[in-house]
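Trainee: I should like to learn how to read a structural model with care. May we go through one together?

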Amino acid sequence: MRVGDVRTGAALLLAATALAVAPAGAQTPAPDPGGVAPEAPQPDAPRSIAVGVPWHGRLERGVQLPVAGTDFVTWDQVLRVSPNRESRRWGTDALIVLLDTVTPEFREAHPDVPPILIADLSRPKGGPFGARYGGLGHDSHQNGLDADVMYPRRDRAPLAARRPAEVDRALAQDLVDRFRAAGAVRLFVGPHLHLRGPRSIVVPLVHHDDHVHVRIANPRNPSAPNAP
């Protein structure tokens, strides 16, 4: 299934591949850090199936994230180029909707920020995504519920940060807050950035000083384990 099959928000991802900038006067209030996260927006009739758990599973009827949209571009974490390769951009329809919900809200609130870099999701049918696929690989990202989203840089360059000092920590915190408010159940963040959030959701983890690892609950099986 392609993105065109996803109803509501996911359809907006096909609107344009041009990197349009949000209006200068637009503002979106930051989420209340102490508030209760609502459920993530879901398609009316989810068709994707996340089988198993993120670290041992597979993906059925996944959706491919386009190479770019109005508020994001895809990023290859291994080759350090944009766009990301086709085989690394697959997720559940619910995950695509979440990404399409958060990225425009974030850029509306920060119109001077370049489009967000979205890196690896899952492989076309899920399954192992380890070091054999390049770089450090992923222990999870196996059933379409995970996405890596690069933090904005202080210099606003449309590139991934190489060092924690290059990350705009205030914007990184706001990005994490928005994903949490949109319903993410795990947000793995870099231990050197000192990003805040409920300990049950915002979890410091090595090798995450350049990106936040976003994980959503399985919409077909909300009680399924979502950690580690």
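Mentor: The following turns take up confidence, open and enclosed space, and one residue of a loop.

Trainee: What is the mean pLDDT of the chain?

Mentor: This is a predicted model, and the general rule is that predicted coordinates should not be read in detail where pLDDT is low. Here the mean pLDDT of the chain is 85, with 80% of the residues at 70 or more.

Trainee: Over which residues does pLDDT stay under 50?

Mentor: One such stretch is residues 1–29, for which the model has 69 contacts beyond four places in sequence. Another is residues 31–43, with 29 contacts of that kind. The general caution applies to such stretches: coordinates of low pLDDT are not to be read in detail.

Trainee: How much space lies in the largest pocket, and which residues lie nearest its centre?

Mentor: The general idea is that a probe the size of a water molecule, rolled over the atoms, shows where empty space is left. In this model the largest pocket holds about 730 Å³ of space. Its lining consists of 33 residues, and Gly137, His138, His207, His208 and His211 are nearest the centre.

Trainee: Which strands supply at least two residues each to that lining, and how does the lining divide by class?

Mentor: The strands are β7 (146–150), β8 and β10 (211–215). The largest share, three residues, is that of β10. By class, the lining of the largest pocket has twelve nonpolar, twelve polar and nine charged residues.

Trainee: How many cavities of 30 Å³ or more does a search of the whole structure find?

Mentor: The search finds three. The largest cavity contains about 120 Å³ of space. It is lined by 13 residues, and those closest to its centre are Pro115, Tyr151, Pro152, Arg153 and Ala157. Eleven residues of this lining are nonpolar, none is polar and two are charged.

Trainee: What lines the second largest cavity?

Mentor: The second largest cavity has about 70 Å³ of space. Of its 13 lining residues, Leu145, Asn218, Ala224, Pro225 and Asn226 are closest to the centre. This lining comprises eight nonpolar and five polar residues, and no charged ones.

Trainee: Let us end with the loop residue. Is Arg199 buried or exposed?

Mentor: Arg199 counts as exposed because its relative accessibility is 81%, and exposed means over 50%. This residue belongs to the loop between β8 (186–189) and β9 (202–204). From Arg199 to Arg186 the separation is 13 residues in sequence and 9.5 Å in space, C-alpha to C-alpha.

Note on methods: Residues are numbered from 1 along each chain as its sequence is written. This is a predicted model: local features need pLDDT of at least 70, side-chain atom pairs count only at pLDDT 80 or more; totals for chains, interfaces and linings use all residues. Side-chain values use heavy atoms; hydrogens and water are left out. Helices (H or I, at least four residues) and strands (E, at least two) are DSSP runs, numbered from the N terminus. Buried means under 20% relative accessible area, exposed over 50%, partly exposed in between (1.4 Å probe, protein chains only). On a 1 Å grid over the protein atoms alone, a cavity is a set of points where a 1.4 Å probe fits but cannot get out, and a pocket is an open set with protein on both sides within 12 Å along at least five of seven lines; lining residues have an atom within 4 Å of a point. Grid points are joined across faces, edges and corners, and a volume is the space filled by probe spheres set on the points. Ala, Val, Leu, Ile, Met, Phe, Trp, Tyr, Cys and Pro count as nonpolar, Asp, Glu, Lys and Arg as charged, and the others, Gly among them, as polar. pLDDT is the predictor's confidence in each residue, from 0 to 100. Contact means heavy atoms within 4.5 Å.
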